[in-house]
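Welcome, and please open your viewer so that we can walk through this model together. Have the selection tool ready, as each stop begins with something to pick.

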Amino acid sequence: MVVAKRSFAFFMFRLVVYFLAVEKIFKDEASEEKGERARMASFVGAMAIADLVKTTLGPKGMDKILQSTGRGRAVTVTNDGATILKSLHIDNPAAKVLVDISKVQDDEVGDGTTSVVVLAGELLREAEKLVASKIHPMTIISGFRMAAECARNALLQKVVDNGADSEKFKSDLMKIARTTLSSKILSQDKEHFAKLAVDAVMRLKGSTNLESIQIIKKPGGSLKDSFLDEGFILDKKIGIGQPKRIENAKILVANTAMDTDKVKIYGARVRVDSMSRVAEIEGAEKEKMREKVQKIIAHGINCFVNRQLIYNFPEELFADAGILAIEHADFDGIERLALVTGGEIASTFDNPESVKLGHCKLIEEIMIGEDKLIHFSGVEMGQACTIVLRGASHHVLDEAERSLHDALCVLSQTVNDSRVLLGGGWPEMVMAKEVDELARKTPGKKSHAIEAFSRALLAIPTIIADNAGLDSAELIAQLRAEHHKEGCTAGIDVLSGSVGDMAELGISEAFKVKQAVLLSATEAAEMILRVDEIITCAPRRREDRM
Amino acid sequence: MALAFDEFGRPFIILKEQEQKTRLRGLDAHKANISAGKAVARILKTSLGPKGMDKMLSSPDGDVTITNDGATILEQMDVDNQIAKLMVDLSRSQDYEIGDGTTGVVVMAGSFLEQAERLLEHGIHPIRIAEGFEMASRIAVEHLERIAQKFEFGPANLEPLIQTCMTTLSSKIVNRCKRDLAEIAVKAVLAVADLERKDVNLDLIKVEGKVGGKLEDTELIYGIIVDKDMSHPQMPKRIEDAKIAILTCPFEPPKPKTKHKVDIDSVEKFQTLRLQEQKYFDDMVQKCKDVGASLVICQWGFDDEANHLLMHRNLPAVRWVGGVELELIAIATGGRIVPRFQELTPEKLGKAGLVREKSFGTTKDRMLYIEHCANSRAVTIFIRGGNKMIIEETKRSIHDALCVARNLIRNNSIVYGGGSAEISCSVAVEAAADRYPGVEQYAIRAFADALDSIPMALAENSGLQPIETLSAVKSQQIKENNPFYGIDCNDVGTNDMCEQNVFETLIGKQQQILLATQVVKMILKIDDVISPSEY
């Protein structure tokens, strides 16, 4: 690196001289980097990012501490590639491309955020060697493309689809959840959490909307105490003087103002000429609210959940009528509640007969740790559910939530696309083998690039083994030998530190994740390779707000 | 020097604050201008052709753009020099007029300037050079017309159109699936084209992108996609045979433009006002229902109450739809945009066969598809890709392809690409030069040399020996009297662009030559550059 920097400075000096001699066409602080230098800058940037997250890969990967620059210097401890990269302040444009693909991977499939960056980094590392040996970037790109296509086909051939057999499919899901969770903080209790995640996703019935799975974090207890609740838990307290337990509840879910109902006609204002008039208007207002409450009560409900505030007066009225009123549930909470109980979100209350009410068997107040929560059980439609996470500290809980989120994402995607692969570096080995074979068959300079692609693929199991403190060179060599047999299922068994049978160990990964990793990493590498000039505009001046 | 004398011999100052300005005159000014123009062209030169490289641009806010499109590169570059700005404008006007060839035009202007510099050193007057270039460009354009070929296409035979679009796309990062994208672009253009009038309104083609998936998932939708979801989470996500009310008025009590106040001073008034308010909402929703609408698309927001009433009456609605999208929806569904509830009539409703909401990925992203519209004249190209930069670049590439397809519909003449047209023009101009007496002859010859620079750059970018390749192709063209020989960038094995199916539009090429000549003429005419000093 030091050598690189020195030659950088030298180049820069020459460039400046050159530019002065010609003509300045850019604005003052704008800069331009050309050809080899531009390529070098992007390679160095991209590889630096890949090296940064490399050590978090695999079941024995390490975590990173991120400290924010904002007030409070909040600390995050995480293993999730997307989270790490999101919080970095990066100046290098090529590095930004990698951060972007990791973000997209997170949005699209949820997992593999580290792998995609590492693979792109490895591809660029190999490409750098090829460029150094005078192979044109375009040739490298076309080789990479052929290789990526071939690798994808190799995966497609080996893929297992148990979508039709629900018993087997469920065990597949369990395996995937376990594999995903094993590289996270939850690995100690992965069995427990895998079951949680699979149960939660199965309830979604094929929808990918993870909004309906609510995750409540409550510090205290241990991770093992986390549980999935069939019903729905709302993080709210029950108003004073209202029933704490309702059986066979009829619930009206609403989004309406229950403070002072403001007049919506534009320009309306109250103008009075005496104190008694004020009292009258106030009385009318109160009357209006009372009427509204009456109308709501007329629905024949015994539980009323509102998105907005409920003032004391209507709350009192509800309490009088023996109705449980819950105020200020956030929007997601309302939507989920509506989903769970099968009611509709109402804002007007004039025709009670046609409003669909929600139902549940039992509403009660429960205690988790020190907090009181409202628990709806025996709900009609089981689409939504709640996972309560318990853990020693906020950091643990946050990381647990991210891990669980990853698992849920992967599972929900797998429900839609039920193709499954083995894990533990097995897919990479399969792809590498096929790509290697393609390299031997391809005439021309492209074959070097294809070979390089297969080397980059091998880097992933190598890093996994390295992170686990194993002898990667030995292991990979063994794996390669194994994979030359037909129908091999061998991968790295990190726990025992040897080559193991992945099918037996039950380590699986979703095809969709692997495919997304492969394609977006290739795409990103291609994009960075194509660049031969970096033009940086002068940074916009900001007022110093500090 | 900026002193002048009036008729009585008294000096007066023409330029204010003379000392504080830097000034370049005569040959120095020409040289400075030319080198600035050349510097811009040099940046773009490596982006030319199918093997051209991309540029990475980092904006003042730190956003990264990676592109191959000349117009975009120049637009986002922080250019300060005036002449460089002229070049930026040049590429922009090519973009507006033709849409493609934005890189080529700048490279061409750069090489014209290079040749002009040499002639200036010989002591030829800049105006004579400019005139010579003008004559030469006329010869070239006429020659292009002669070698151009017409080709026939129709709804049944789209192949030529697709091939031309593929030529455009092959220099972009999307060339992995250029065939698919070219087909999409051609189909989209044909869907909105008015073949009688030979005109295409590209505004009717909406290009929408969403990160995720892969490029191959890019699709053409005969309808509109709106990046919005239903206003109430429990409204139906799928509506068949939708009748759409397109509104530009909010579901709120009316706000008269004149300033007014409603004074409430008694309980009765307060109550009537309340009833009135409820009635407003009820009426509005009822009106939509009465005309038979089954979907409401509104430019503004809804009040919670209105929202629930809509939901209650089983009338799905979409809110906060942008003005442009609203117009497109109106065109596609054959509906009218209605500004007031009172004017809502059944005839003004738009019709669509299917409206559905589709969710993407693991986040809560949803989009609304409006398909099988009454009038399929508005289409959407929906791009998927691995990351934001790919999507943006694909959008630009698709735009280029659309423009090319449109140009072909307007004028179905093509010339062959791969530098073959430039080489052929260069030969023709060179031959014509000898017939011109006077100094212009030199300028015309220089023009011919400058035209060679495009195939030369193509060959260089493709890793071929530029001079060797060019001279081989040129002699082949003359020997066989066949203007279709060009540079074999993709190493296919033949120089015949006719066989390789590499086409470009005639008007695009003509425009390139004309625009480049014009800018060069303009730059050559400048002989004095006055710029205020920095401080």
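The tour below goes from domains to an enclosed space and then to the place where two chains meet. Keep in mind along the way that this is a predicted model.

**Stop one: the domains of chain B.** Select residues 16-150, 416-474 and 503-532 of chain B and give them one colour; together these segments make up domain 1. Now pick 223-375 of chain B in another colour, and you have domain 2. Taken over C-alpha atoms, the centres of domain 1 and domain 2 of chain B are 53 Å apart.

**Stop two: a cavity.** The model has three cavities of 30 Å³ or more, and we will visit the second largest, which holds about 100 Å³ of space. Which residues lie nearest the centre of the second largest cavity? Select Asp100(B), Gly101(B), Glu504(B), Thr505(B) and Gly508(B) to see them, out of 13 lining residues. Next, show α11 (388-410), β21 (503-505) and α17 (506-525) of chain B, since each of these elements gives the lining at least two residues. If you colour the lining by class, expect seven polar, three nonpolar and three charged residues.

**Stop three: where the chains meet.** Bring chain A into view beside chain B. The contact involves 88 residues of chain A and 85 residues of chain B. Between them the two chains bury about 7600 Å², with 55% of that area on carbon and sulfur atoms. How many salt bridges cross the interface of chain B and chain A? There are three. To look at a salt bridge, select Asp532(A) and Lys55(B), whose side chains meet at 2.6 Å, N to O.

Conventions
Residues numbered from 1 in each chain as written. Chains lettered and ligands numbered in written order. Predicted model: local features only at pLDDT ≥ 70, side-chain atom pairs only at ≥ 80, totals over all residues. Heavy atoms only, no water. Domains from an automatic or database assignment. 1 Å grid on protein atoms, 1.4 Å probe; cavity = no way out; pocket = protein on both sides within 12 Å on 5 of 7 lines; lining within 4 Å. Points joined across faces, edges and corners; volume = space filled by probe spheres on them. Helix = DSSP H or I, 4+ residues; strand = E, 2+ residues; numbered from the N terminus. Nonpolar A, V, L, I, M, F, W, Y, C, P; charged D, E, K, R; others polar. Contact = heavy atoms within 4.5 Å. Buried area = accessible area lost by both parts, 1.4 Å probe. Salt bridge = Lys/Arg side-chain N within 4 Å of Asp/Glu carboxyl O.
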